[in-house]
Amino acid sequence: KMKKNILLILPSFEIGGTTISTRNLISVLDKEKYDITVWGLNEHGILRWMYNGIFCVKTCIIAQSLAISGWNKERNVFRKLLTALVRKLAYNSIIRDIFIKYSINRCLKNRVFDIVISCQEGHTTSVVSQIKANNKIAWVRCDYKEYFKNINFIKESFYNNYNHIVCVSEKTKEHFIEIYPEYKNKTVCIYNPQDSELILSQSDINDNDTRFKLNNGKKVIISLGRLNRVKRFEQIPVIARKLLDNGLDFIWYIVGDGEERNIISDAIKQYDVEDNVIMLGAKSNPHFYIKRADLYVCLSSTEACPRVVN
């Protein structure tokens, strides 16, 4: 019997539930039944190593420019200028669709897939909607009802082109159907698979970051994730200041990177908590730090089914 060809499309290989959960999903797929290809629209990311041994198509600068974090990761001046131009032009939906079709033709080179999966809502879902395939699946990893509550939400039409929509929790599914009742019959819930063996094996691998200290008698707090507005990491220095003013002694480590990094760093200085709130940056193996913390704190304003808590 012929294997089915599966294409999974990621926004990038940056730290986040999408990158890790997709890799875990691939690990449980039967390799006797499926040939798997991955396309990271933005080829950057500290977790690229997790996809070693999996065929990944080479992306192009147009796809990368449109993808999450594409602008931030460019170092070449020419490519940075081109990225800025592409993103500006892509505000026009017609031009954006042209860019997407170009990226598909350039990167996939007319390859045919039986199943194409958008691994995250947003730009990847828009890209997959334009790929020709008999079976298209869209993964939804956000709580649509909460996430779009405070922004100018416009219902996307590209879900019309999908056979199945997968939400990562029952509550996420319920909220998605509230917004998109027309897709109720093709929306399902599949919880993210966890690779418990990998988590346990990595929890004792130390990357010897000298900023991380345990033998000082202080309680250790940790928060982990992408440094964006929804995760509310900017509140940590505020909370830390209140705890210190009430006589509590601790070190609060922030593991992650993102667009809010400078805002959080400035807040740490503003509230004079440099000795108690330490930003460790992105870590390809956060499990070592989680295992040694006394307390894990999640401040997100909304989560679909947070892998880091699970």
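Hi everyone. Before we look at the sheet, one definition: two strands pair if DSSP finds at least two bridges between them. Please keep in mind that what you see on the screen is a predicted model.

Let's use that definition right away. Which strand is joined to strand 6 by three bridges? The partner is strand 7, and strand 6, residues 164-167, runs parallel to strand 7. If you would like a landmark in this spot, find Cys-167, which stands opposite Cys-189 in strand 7.

Now let's step back to the whole sheet. This is an open sheet built from seven strands, with parallel pairing, and the order reads 3-2-1-4-5-6-7. Where does the sheet end? The edge strands are strand 3, at 55-56, and strand 7, at 187-189, and each of them pairs on one side only.

On to the chain as a whole. Its secondary structure comes to twelve helices and eleven strands. The radius of gyration is 21 Å, close to the 19 Å that the globule rule gives for 310 residues, so the chain is as compact as a globular protein of that length. Along the principal axes, the C-alpha trace spans about 60 × 45 × 40 Å.

What about the inside? Of the 310 residues, 47% count as buried. Among contacts with a separation of 6 or more, 71% are between residues 24 or more positions apart.

And the outside? The chain exposes about 16700 Å², and carbon and sulfur atoms supply 51% of that area. Finally, the charges: there are 45 positive and 33 negative ones, and their mean positions are 6 Å apart.

Thanks for listening!

Terms used
Residues are numbered from 1 along each chain as its sequence is written. This is a predicted model: local features need pLDDT of at least 70, side-chain atom pairs count only at pLDDT 80 or more; totals for chains, interfaces and linings use all residues. Side-chain values use heavy atoms; hydrogens and water are left out. Helices (H or I, at least four residues) and strands (E, at least two) are DSSP runs, numbered from the N terminus. The radius of gyration is taken over C-alpha atoms; the globule rule is 2.2 Å times the number of residues to the power 0.38. Buried means under 20% relative accessible area, exposed over 50%, partly exposed in between (1.4 Å probe, protein chains only). Contact means heavy atoms within 4.5 Å. Accessible areas come from the Shrake-Rupley method with a 1.4 Å probe; for residues, only the protein chains shown count as cover. Lys and Arg count as positive and Asp and Glu as negative; His and the chain ends are not counted. The place of a charge is taken as NZ of Lys, CZ of Arg, CG of Asp or CD of Glu.
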